[in-house]
Amino acid sequence: MEPPDARTTARPASRLLWLALLLAAHPGAQAKVHVSVPPLVEVMRGDLVTLDCAPLENPDHFVLEWFLTDRSGTRHRLASAEQQGSELQGTVHDSRGRSPQYELDPQGRLVLPKAQVGDERDYVCVVRAGAAGTTEATAKLRVFATPETTEVIPNRGTLSVMEESAQEIATCNSRNGNPVPQITWYRNGQLLDVPMEVNPEGYMTTRTVREASGLQSLTSTLYLRLRKADREASFHCAAHYSLPAGRQGRLDSSAFHLTLHYPTEHVQFWVGSPSTTEGWVREGDSVQLLCQGDGSPSPEYTFFRLQDKQEEVLTITLEGNLTLVGVNRSQSGTYGCRVEDYDAAEDVQLAQTLELHVAYLDPLELSAGEELSVLLNSSHTAVNCSTRGLPAPTLRWTKDSVPLGDGPTLSLSSVTFDSTGTYVCEASMPMVPFLSRTRSFKLLVQGSPELRAEEIEPKAEGGWTEGDEARLTCSARGYPEPELTWSQLGGSPAEPAPGGQGWVSSSLTLKVTSALGREGVSCEASNPHGRVSHVFHFGAVAPQTAQAGVAVMAVAVSVGLLLLVVAAFYCMRRKGRPGCCRRREKGSPPPGEPELSHSGSQRPEQKGLLMGGSSGGARGGSGGFGDETSGEADVMEKERGERGLTEATQPAEGEREMLGSSP
């Protein structure tokens, strides 16, 4: 007897045996061939598609066939290939009207040039390998197409926010895509989650159209119940489409705004530029009154002025502004604006008013004229400044842009020449910028001149020297304007001095001399009220060193020339006297020639000496006597020369008279 476990194990074994017998009886039970076909092929429209089908076992002989399965499930043979030797001989049997036609490459792969949306089918590859059996595999082809630019068509009408149901907002189109895209709506960049079912708050509808090309177009229409907040909202739509490998694409439309009709809830009324925070405007300015309601479309505006609680209509306009050209003080008062909106709620305040204040300032008046003349050292002088204006103006006095004080009265005490100048009274309004007026007068101070001299120092440390150049300057002021004069000629005309304050100045350029050193140079300022002067002193003036030497030399040369003239004259007077001009005998003629005297005759002693000398020489040239004589003659000649020199130094009486009378 078998154990229970053995019986239980035998039952599954008998079942496997019967399954093996059934498979052996089936014709294809001996199949050993397998093919490799991609189950899903995704391409973009227009791409080249290649469907691969290859036996994995490489049988000796096989036939490969490609079939297309239509939407009803019917197969249509497209191409086939049979192995002959080492090559496949392929044939395309039916392209089913496709252009371009199907192709079969040498490896038995089905080629679809330029993929089309109509190519989206199941393609079956069947391999028949004879005794090795028959096998098949299916490739599913998907063709993707990017849709055209997303187009939105907004509602261009005026949509009322008072409608209690959803209104058509816009229509969005996404054309010629595959597969069909999806459309979403956005407000201010935020996704609108609206249902497809109709409801009062909002919904959307869609419609898909398959084009003749096989591509698909989608149209979506948005409906919303609008609020006043949507008056500035930005709307747009976007088309979302699929791409191969699970990728997604998006195409956004352009943004658009809606034109809404909603009633006025608030009204604003204010004074435009120019105006101050207190509402003041300047007299003479052009002023804008601006009125604005928050309703749409813009309603009519009625501007009016209240006079004794009665409305005086000024204008009715759609722009919401009123311009008052060149306002004057009489136009101050209460102005109003009313929005003519008949859709507004009853509790809305459609009229607003404001107070217009026109500021004015009359010309200033001074108690003094354009010029005010006072005496020097006057004890008290007052000038009043007055005006009228609204709001009350502030008065301020200035002189040369230096503030003197606030208030209508200017008080001057202890008037000096420094008080001379232009005084300005300025009226201004702190609450009204740029509204101000000024009035000025000139103060003239009469009095004796005030003199100011510019002392100069000598060029050299020791003091002034003759011939030095000095420039002297005197300045004076007073009223009437003083006249400046100099004790020397050459002074320049009086001109305004640098620094102003009524000073005039004159200058004098001269050469320093000893006389100026003793006397000095004075300048004087005078007017009808008096005169005042100043003396410039130079002190001791030294002579120039170079000029003194030249004078001494000139005197020496003159004296020398005079002595030469006297000596020559004396010689001419003493020509015939012994010893006169004796020194010239050293240059006497050669021996043997007679020497002539100045008078034309020889003296006895000279003649004798000459004769003795010549006889002595004729006597045989015995030199002893001759030498003595010569020596005696030399002695005598020396004595006569000394007497002549003494007489030359003591001229005759006539000559002395002559010398005495000579200059």
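These legends walk through several close-up views of one predicted protein model.

**Figure 1. The whole chain, as a starting point.**
Before zooming in, it helps to meet the protein as a whole. The model is a prediction, with a mean pLDDT of 81 for the protein and 80% of its residues at 70 or more. At the start of the chain, residues 1-31 have a pLDDT below 50, and this stretch has 7 contacts in the model beyond near neighbours in sequence. Residues 580-663 also stay under 50 in pLDDT, and for them the model has 43 contacts beyond four places in sequence. Across the protein you will find 46 strands and 6 helices. Of its 663 residues, 35% count as buried. The exposed surface comes to about 40,100 Å², with carbon and sulfur atoms supplying 52% of it. Among contacts with a separation of 6 or more, 61% are between residues 24 or more positions apart.

**Figure 2. An open sheet of 3 strands, in the order 30-32-36.**
Here the strands are paired in the antiparallel sense. Which strands stand at the edges? They are strand 30 (365-366) and strand 36 (409-412); each has a single partner strand, so one side of each is left without a neighbour in the sheet. Strand 32 covers residues 381-386 and pairs with strand 30 over 2 bridges. To follow this pairing residue by residue, look for Glu-365, whose bridge partner in strand 32 is Ser-386.

**Figure 3. Two stacked tyrosines, Tyr-203 and Tyr-223.**
The structure holds 7 aromatic pairs, and this view shows one of them, formed by Tyr-203 and Tyr-223. The ring centres are 4.6 Å apart, with 15° between the planes. The pair links distant parts of the chain: Tyr-203 belongs to strand 17 (residues 202-210) and Tyr-223 to strand 18 (residues 216-224), 20 residues apart. Are these two tyrosines buried or exposed? Tyr-203 has a relative accessible area of 12%, so it counts as buried, being under the 20% cut-off. Tyr-223, at 19%, is buried as well.

**Figure 4. An edge-to-face pair, Trp-464 with Phe-538.**
In this view the ring centres of Trp-464 and Phe-538 are 5.3 Å apart and the planes are at 80°, so the pair is edge-to-face. Trp-464 lies in strand 39 (residues 464-465), while Phe-538 lies in the loop between strand 45 (530-536) and strand 46 (541-542), so the pair ties together parts that are 74 residues apart in sequence. Trp-464 is buried, with a relative accessible area of 7%. Phe-538 also counts as buried, at 7% relative accessibility.

**Figure 5. Aromatic rings in a cluster, and rings beneath a charge.**
Trp-397, Tyr-423 and Phe-441 come together as one aromatic cluster. Elsewhere, look for charged ends placed over rings. The charged end of Arg-452 sits over the ring of Trp-503, 3.9 Å from its centre. Arg-98 has its charged end over the ring of Tyr-102, and here the distance to the ring centre is 5.7 Å.

**Figure 6. Cis peptide bonds at Pro-179 and Pro-480.**
Where in the chain do we find Pro-179? Its place is the loop between strand 14 (167-177) and strand 15 (182-187). A cis peptide bond joins Asn-178 to this proline, with omega about -5°. For the other bond in this view, turn to Tyr-479 and Pro-480, which are joined by a cis peptide bond with omega about -5°. Pro-480 is found in the loop between strand 40 (469-479) and strand 41 (483-486).

**Figure 7. Positive phi at Lys-309 and Ser-414.**
Although Lys-309 is not a glycine, it has a positive phi of about 65°. Look for Lys-309 in the loop between strand 25 (300-307) and strand 26 (310-317). With a relative accessible area of 78%, Lys-309 is exposed. Ser-414 is not a glycine either, and its phi is positive at about 50°. This serine sits in the loop between strand 36 and strand 37 (421-428). Ser-414 has a relative accessible area of 53%, so it counts as exposed, being over the 50% cut-off. Strand 36 may look familiar: it is one of the edge strands of the open sheet in Figure 2.

Notes
Residues numbered from 1 in each chain as written. Predicted model: local features only at pLDDT ≥ 70, side-chain atom pairs only at ≥ 80, totals over all residues. Heavy atoms only, no water. pLDDT = per-residue confidence, 0-100. Contact = heavy atoms within 4.5 Å. Pairing = 2+ DSSP bridges. Helix = DSSP H or I, 4+ residues; strand = E, 2+ residues; numbered from the N terminus. Buried < 20%, exposed > 50% of the residue type's maximum accessible area, 1.4 Å probe, protein only. Areas by Shrake-Rupley, 256 points an atom, 1.4 Å probe, with all protein chains shown as cover. Phe/Tyr/Trp six-rings, centres within 6.5 Å; stacked < 30°, edge-to-face > 60°. Lys NZ or Arg CZ within 6 Å of the ring centre and 35° of its normal.
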